[in-house]
Amino acid sequence: MSERDKVLGHADEADGIEEYDNPLPTWWLGLFAGTVAFGIGYAVDYHFVSKRSQAGEYAAELAAAPKAPEATAVAATPDAIAAGKEIYTANCVACHGPDLHGGVGPDLTDATWIHGGKLDEIAHIITVGVPEKGMLTWGPILGPQKVGQVAAYVHSAGGGQ
Amino acid sequence: MEAAPLSAPRYDDASVRRFITATVLWGIVGMLVGAILALQLAWAPANLGLPWTSFGRLRPLHTNAVIFAFTGNALFAGIYYSMQRLLKTRMWSDTLSSVHFWGWQAIIVLAAVTLPLGMTQGKEYAELIWPIDLLIAVVWLVFAANFFGTIAIRKVKHLYVALWFYMSMVITITVLHVVNNLALPATLTRSYPVYSGMTDALVQWWYGHNAVGFLLTTPILGLMYYFLPRAAQRPVFSYRLSIIHFWALVFLYIWAGPHHLLYSALPDWAQTVGMVFSLMLLAPSWGGMLNGLLTLRGAWDRLRTDPILKFWVAAITFYGMSTFEGPMMSIRAVNALSHFTDWTIAHVHAGALGWVGESVFAMLYYMAPQVWNRKLHSVSLATTHFWLATVGIVLYVVAMWTAGVTQGLMWRAFDEAGLLQYPNFVDTVRTLNPFYWIRLLGGLMYLGGIIVMAWNLYKTATSDSSNALEA
Ligand code: HEM
Ligand code: HEM
């Protein structure tokens, strides 16, 4: 206990604040040494032993991800059109309007098509999108089945060829 | 205000009083803007459909106001007060003190005008346009000259540890500000940074992180080393610990910036440097927490009655918490979840409201009675402030942790077919909405606390001489 709670005697030079010179708590030193050791170990392991990298991590995650199902053929059945209407309401109204007459995005009911008005052309443009114009790439978001349904709905809305 | 404290001829307490007043006023403004932002995130119509009042323009106004105006003025108040007493001398130059004060307020007013007008450099915490940056550099150097001038004319040999922390701020902020803002002016309001691409990002976050380190952390630790033992009237627990954790902090902080750029185009090795140095910051940070809490040994019984000590204990606890959380968030796998979410916002405000804010309040309640030479108007109002602030922080931080983790998990949720389970961003926004309202409630409580403090300090400063501390 001799080392404990002995004041240094600088108080007159520190506006009356006394200081003990207590030793550093052992667990604190251990924590410090531990994080330094872990840090060095981690860096060596990451770069030289396990040779990990951001690009490698990405590739591994992609390889492990479930493959998206192959595109199902688009069929414009009444069921598909009804399901497509719901998908449209949830995702597309903001840009193409509640009755498909357009807004930010073009009117989808007229005979004028930028990317083609056949059912498979509509499904294709919905899948790949036109990101530079603000039309999202919906394929990975909706999946092929829902893309097929919403395409069927758009196709049935007046302008389809 | 007319009261002349006994120490007046020796110490410049007029500057301290001015910085305190500015701290309180800008604190209210900055946090009111914070509360407006919180409302806008919960309820979009609060953007009012005007460019000047939209979230994007008010957000930098909030961050600049709370960091540079509220925290900045508080640091200057505490430093001017404590350094004169520690060095047993008046500030070196009254003229420089005055230029420093008015110059700093002018910068803040310019910021409050230009940011809502949309004039910005687009760098977080360094938004202000180049003419204002030049003014900041000049005023900061005025402060630096006054600071080192005062050290030069000191009447004691020993430099108490608080001064080391202040010094690290004065030097580091100069370097950070100049290097990050190097730009070629094109017009009066527009400039182009000399760095581009990844280099620009790296310089920006080297600045951003160390602005946190050397404005919101080390100088506050310095203030803690002065105001806590003064208020508790207990010796500092360990001189050795204070020196070691000081040098460890300043050495390690500088390298941790890349933890803001994990999983970016920054080379892998630089990301590793950021992560590893952040982990090593844990113990040096906790060194400060230990020295603070252990200094209170023998004074714990006074905690029940003394709001100043209450504020210190809460502040130091939040410091310990956010400096544990920070290193964890620097781990690649954790950051992959937390980055871009409200988890970061929770971390920021645990540090800012808990550590920075409550330390500042503790300091103001100690210092204001001294510099106005009046007893604190009401101890019970100060205690009310403490509870408003602390409960407010807990509401804010817990709501944002929950929101952050929820959003992070929603973003990475896939269904069996390998498709995103929540493909629309708006799905997450809808889920988070209730938490945004809770955050607003917490923020309003915190703001309410400051207003209570403002009233209390106003009554203290304007009470008559029958309430003087010393006749
Ligand atoms: C009444 C108190 C406060 C409220 C209601 C509040 C609210 C907010 C809100 C809503 C945001 C935007 C979050 C987002 O973009 O999602 C924000 C950001 C921020 N606030 Fe506050 N705030 C308060 C006090 C403070 C204080 C005292 C400080 C610092 C000393 C501070 C520092 C910051 C910083 C640095 C950011 C930016 C965080 C980032 O970019 O990650 N705030 N605040
Ligand atoms: C050992 C100490 C600390 C470490 C290692 C640390 C680490 C981190 C990390 C990893 C992030 C998230 C970066 C991202 O994902 O973008 C962050 C953000 C932040 N931290 Fe800390 N933190 C520490 C202490 C503190 C303290 C005490 C405060 C405040 C008073 C603070 C203020 C902030 C702010 C303002 C941000 C938001 C930056 C932004 O994105 O705008 N940190 N910190």
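What distance separates the centres of domain 1 and domain 2 of chain A, taken over C-alpha atoms? The points below take this up and then turn to the interface and the two ligands; the model is a predicted one.

1. Domains of chain A. The domain assignment divides chain A into domain 1, covering 3–64, and domain 2, covering 78–159. Taken over C-alpha atoms, the centres of these two domains of chain A are 55 Å apart.

2. Extent of the interface. Chain B contributes 49 residues to the contact with chain A, and chain A contributes 46. About 4,000 Å² is buried between chain B and chain A, and carbon and sulfur atoms give 62% of that area.

3. Polar and charged pairs across the interface. Between chain B and chain A, 22 residue pairs are in polar contact, counting pairs with both residues at pLDDT 80 or more. The salt-bridge rule finds three such pairs across this interface. One of them can be named: B:Arg230 pairs with A:Asp15, with 3.8 Å between the closest N and O atoms. That separation can be read against the cut-off of 4 Å that the rule applies.

4. Where the chain B side comes from. The elements of chain B that each supply at least two residues to the side touching chain A are helix H2 (55–87), H6, helix H7 (239–253), helix H8 (268–280) and helix H9 (282–295). H8(B) provides the largest share, eight residues. By class, the side of chain B that touches chain A has 30 nonpolar, nine polar and 10 charged residues.

5. Ligand 1, direct contacts. Ligand 1 has 24 residues around it, and those that come nearest are B:Arg59, B:His62, B:Glu124, B:His349 and B:Ala352. The side chain of B:Arg59 places an N or O atom 2.8 Å from an oxygen atom of ligand 1. Two histidines approach nitrogen atoms of the ligand: a polar side-chain atom of B:His62 lies 2.8 Å from a nitrogen atom of ligand 1, and a polar side-chain atom of B:His349 lies 2.8 Å from a nitrogen atom of ligand 1.

6. Ligand 1, the shell. Helix H1 (13–42), H2, H12 and helix H14 (425–462) of chain B each give at least two residues to the shell around ligand 1. H12(B) has the largest share, with seven residues. The shell around ligand 1 divides into 13 nonpolar, seven polar and four charged residues.

7. Ligand 2, direct contacts. Ligand 2 is surrounded by 24 residues, the closest being B:Glu124, B:Tyr125, B:Asn335, B:His339 and B:His347. B:Glu124 is thus listed here and also among the residues nearest ligand 1. Three side chains have a polar atom close to an oxygen atom of ligand 2: that of B:His339 at 2.6 Å, that of B:Tyr125 at 2.7 Å and that of B:Asn335 at 2.9 Å.

8. Ligand 2, the shell. The elements giving two or more residues to the shell around ligand 2 are helix H6 (197–232), helix H10 (307–329) and helix H12 (342–372) of chain B. H12(B) gives the most, six residues. By class, this shell has 10 nonpolar, 13 polar and one charged residues. H12(B) therefore appears in the shells of both ligands, supplying seven residues for ligand 1 and six for ligand 2.

9. Salt bridges overall. Over all chains the rule counts eight salt bridges. Within chain B, B:Arg85 and B:Asp13 form one, their closest N and O atoms being 3.0 Å apart. This pair connects distant parts of the chain, as B:Arg85 belongs to helix H2 of chain B and B:Asp13 to helix H1 of chain B, with their positions 72 residues apart. Side chains of opposite charge can pair when their charged atoms come close.

10. B:Ser380. This residue lies in helix H13 of chain B, which runs over residues 379–411. The side chain of B:Ser380 makes a polar contact of 3.3 Å with the side chain of B:Ser378. The C-alpha atoms of B:Ser380 and B:Pro267 are 54 Å apart, and the two residues are 113 residues apart along the chain.

Definitions and conventions. Residues numbered from 1 in each chain as written. Chains lettered and ligands numbered in written order. Predicted model: local features only at pLDDT ≥ 70, side-chain atom pairs only at ≥ 80, totals over all residues. Heavy atoms only, no water. Domains from an automatic or database assignment. Near = heavy atom within 4 Å. Polar contact = N/O pair within 3.5 Å; in protein donor to acceptor, adjacent residues only side chain to side chain. Helix = DSSP H or I, 4+ residues; strand = E, 2+ residues; numbered from the N terminus. Nonpolar A, V, L, I, M, F, W, Y, C, P; charged D, E, K, R; others polar. Contact = heavy atoms within 4.5 Å. Buried area = accessible area lost by both parts, 1.4 Å probe. Salt bridge = Lys/Arg side-chain N within 4 Å of Asp/Glu carboxyl O.
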